[in-house]
Structures are given as structure tokens and as C-alpha cells.
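Colleague: I have the file open and some time before the meeting. Please take me through this one.

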Amino acid sequence: MVQHGIPGVQELATAAEGRRRTVDIAVTDVSRTFQTSGGTVEALRNVSLTVPAGGFVSVVGPSGCGKSTLLRILAGLEQPTAGSVALGGRSPAERVRAHEVGMAFQDAALLPWRTVTRNVAFAREMAGLARDDALVARLLVLVGLSGFERARPAQLSGGMRQRVAIARALVTRPRLLLLDEPFGALDELLRENLNMELQRIWMAEEVTTVMVTHSVSEAVLLSDTVVVMGSRPGHVAAVVDVPFPRPRKPELLHADDFFHVCTRVKAVLRGEGEGGG
Ligand SMILES: Nc1ncnc2c1ncn2[C@@H]1O[C@H](COP(=O)(O)OP(=O)(O)OP(=O)(O)O)[C@@H](O)[C@H]1O
């Protein structure tokens, strides 16, 4: 990946030298049905998408269109009923076993009795990886939590807890980062700030990222590509490319070009836009 002139990026790139960490994603004709007492629920039908190594893709769509199911399949937590998923040529289960998949969801789910540092370090312990205090400290700087290393979750704001969750997701040095509405419960201004931080983290870590969000502007601001899903059954309604150079600044949110891309995504969401998938 190119260098971005952002503080910390050069050092991280050097640390990662000699180690190709990113993977591409290939989802091919994935379908997923659930058998319930009320009958069969077709959560996903023939979903295909690709994400290049180091790319950032967001998935948006109406409630129930299968976004979380798709993310859970990428995370190896669900199996597709049909179709295939390859993460750098391997199955999600293999990547998860190798601790190469980091996940952060809307509820940060931190351990209340552990400090911020110990919460982040816990993910390495759980993965059976060697302790790495320097990495934990560096990630806490990266997510803007310097000075809070010894705080407990109850002493943190919601936004700070989400930052801990993102640091925790990154502490195994994953090749793939999966985010399910990571900032969904936060107010708009805080969310914008965290979006900028997430962009910085993603650029620094060079990690292929898939984010589910209900916010069209968040998706457009952060992504190379926005996958717009439709429901009944869940399918890809359109794939919208986002052409803006990086790093993207908050001012972009007020630019006409930005507004036009958001309008295209919203048109598809309303069922007026391009079909396909
Ligand atoms: N384990 C399950 N058993 C039965 N049905 C399920 C299961 N998981 C998901 N579904 C169904 O699959 C469909 C897609 O659900 P999913 O949670 O993936 O949608 P979503 O787009 O993430 O929704 P939201 O935006 O509301 O979070 C829904 O109809 C849901 O009820």
C-alpha cells in the first residue's frame, strides 16, 4: 500500500515489513437459509462480492437484508448454505484459527473488571499468542486512548469503549477486520470523529476491512466501495464505487460530489437505483 504521510504510518509499515498481512475477499454466489418454526427464512440469495487486499468496503441495506449474516459468514460463525467464501484463498475457519480475523460489534462487550490495557491484551491471551505490551501500548495510542491505559470500562464514554473494542480487534494483527455497526449507538459528531480515526487506523494497519452500517454518509466517507443490499431475500442490489482520494477530510461531508454519491446509494436503498449484483 502507498505511504500516506500520516504520523505513525511509516513506523507501522516498517514494523510490518517482510510480512504480507492483508488478504483479499471473494464471496461467490453465497446463499444462506435458516429453518425456523415459522418456515424457511432465505437470509441471503446468490450474494457475490470482492474486496481487494487492503480495501475498505461497507455494506448498507434495510433491516433484515442479511448484512450481519454475511459478516458472520466472513467471520466463520455461520456457514453458507450454498456458494463459497475465500479470504486470501483460504476459508474463514482457517483464517479465524490462525487469529487473522479481528471483529468489533456495536456492543463493545468489555470485561468490566479489567483495565483498558488488560482488555486489549485479553484478545491475545484468548488467542494463545505471546504477550506483547509494546503492541498494546502502540494500539492504544493509535485509537487515541493515551492516558486511559489503567481506566476501567465504567470510567469511559461510549466512544472510548468502542475505541478499546477496535484496539482489541487489532491486537492479534489480523489480516481482516470485520465491523458490525461499530459506532451505531453514538451521537453524530462523535461518530464523525471516530470515522476519521478509523480511517487513520485502517491506513496504518493496512487491514482489509468490511463494515456493516446503517449510515450512508459513514459508508461513503470511509469506503472504496459501498455494497448496497436489498431484502426478501437478501441480495446485492448495487455496488457503488467511491472515488475520493485519501486521506479523506471531514470537509468532504459537505462537498457536492460526496452528496451525489450518497444520493446514488440512497436511490438504490429506496429501490429506484441500478439493479445487478
Ligand atoms: N440464526 C438465525 N435463525 C433464524 N433466522 C435468522 C438467523 N439469523 C438471521 N436470521 C434471519 O435472517 C434475516 C437476515 O438477518 P440479519 O441479522 O443478517 O439482517 P441485518 O441486515 O443484519 O439486519 P439489521 O440491520 O436489523 O441488523 C432476518 O430475516 C433474520 O430474521
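Modeller: A word on the record before I quote it: UniProt positions are given in the numbering used here, feature names are shortened, and annotations may be inferred rather than shown by experiment. The model itself is predicted.

Colleague: Fine. Which residues does UniProt list for "domain: ABC transporter"?

Modeller: Residues 25–256, and that comes from an unreviewed entry.

Colleague: How much helix and strand over residues 25–256?

Modeller: The chain there is 32% helix and 28% strand. The C-alpha atoms at its two ends are 31 Å apart.

Colleague: And how is the protein divided into domains?

Modeller: Into two: domain 1 takes 1–100 + 178–277, and domain 2 takes 110–173. Their centres, taken over C-alpha atoms, are separated by 23 Å.

Colleague: How many residues does each domain put into the contact?

Modeller: Domain 1 gives 13 residues and domain 2 gives 12. On the domain 1 side, eight of the residues are nonpolar, two polar and three charged.

Colleague: Switching to the ligand. Which residues come nearest?

Modeller: Phe34, Ala43, Ser63, Ser68 and Thr69, out of 13 residues around the ligand. By class, that shell has four nonpolar residues, eight polar and one charged.

Colleague: Which element gives the most to the shell?

Modeller: Helix H2, with three residues. H2 spans 67–74, and strands E1 (25–36) and E2 (39–51) also supply at least two residues each.

Colleague: What about Leu74, which is in H2: buried or exposed?

Modeller: Leu74 counts as buried, because it has 24 C-beta neighbours inside 10 Å and the cut-off for buried is 20 or more. Beyond four places in sequence, Leu74 touches Ile25, Val85, Pro92, Leu178 and Val210.

Colleague: And Ala53, where is that?

Modeller: In the loop between E2 and strand E3 (56–60). Ala53 has 17 C-beta neighbours inside 10 Å, so it counts as partly exposed. Leaving aside neighbours within four places in sequence, Ala53 is in contact with Thr22, Val23, Asp24 and Thr208. Between the C-alpha atoms of Ala53 and Asp241 there are 16 Å, with 188 residues separating the two along the chain.

Colleague: Now H5. Which of its residues are buried?

Modeller: In H5, residues 133–142, the buried ones are Leu135, Val136, Leu139, Leu140 and Leu142. Seen down the axis of H5, they fall within an arc of 155°, so they line one face of the helix.

Colleague: What is on the other side of H5?

Modeller: Asp133 and Ala134, which are exposed there.

Colleague: What covers the buried residues of H5?

Modeller: The cover includes helices H4 (116–127), H6 (158–170) and H7 (188–205). Just past the end of H5, Gly144 has a positive phi of about 75°.

Colleague: Last one, Val268. Which helix is it in?

Modeller: Val268 is in helix H9, residues 256–269. Val268 is buried, with 23 other C-beta atoms within 10 Å. Its C-alpha atom is 29 Å from that of Gln35, and the two residues are 233 apart along the chain.

Terms used
Residues are numbered from 1 along each chain as its sequence is written. This is a predicted model: local features need pLDDT of at least 70, side-chain atom pairs count only at pLDDT 80 or more; totals for chains, interfaces and linings use all residues. Domain bounds come from an automatic or database domain assignment. Two residues are in contact if their C-beta atoms, placed from the backbone, lie within 7 Å. Ala, Val, Leu, Ile, Met, Phe, Trp, Tyr, Cys and Pro count as nonpolar, Asp, Glu, Lys and Arg as charged, and the others, Gly among them, as polar. Helices (H or I, at least four residues) and strands (E, at least two) are DSSP runs, numbered from the N terminus. A residue is near a molecule or strand if its C-beta atom, placed from the backbone, lies within 6 Å of it. A residue is buried if 20 or more other C-beta atoms lie within 10 Å of its own, exposed if 12 or fewer, and partly exposed in between; C-beta atoms are placed from the backbone. The arc is that of the directions from the helix axis to the C-beta atoms.
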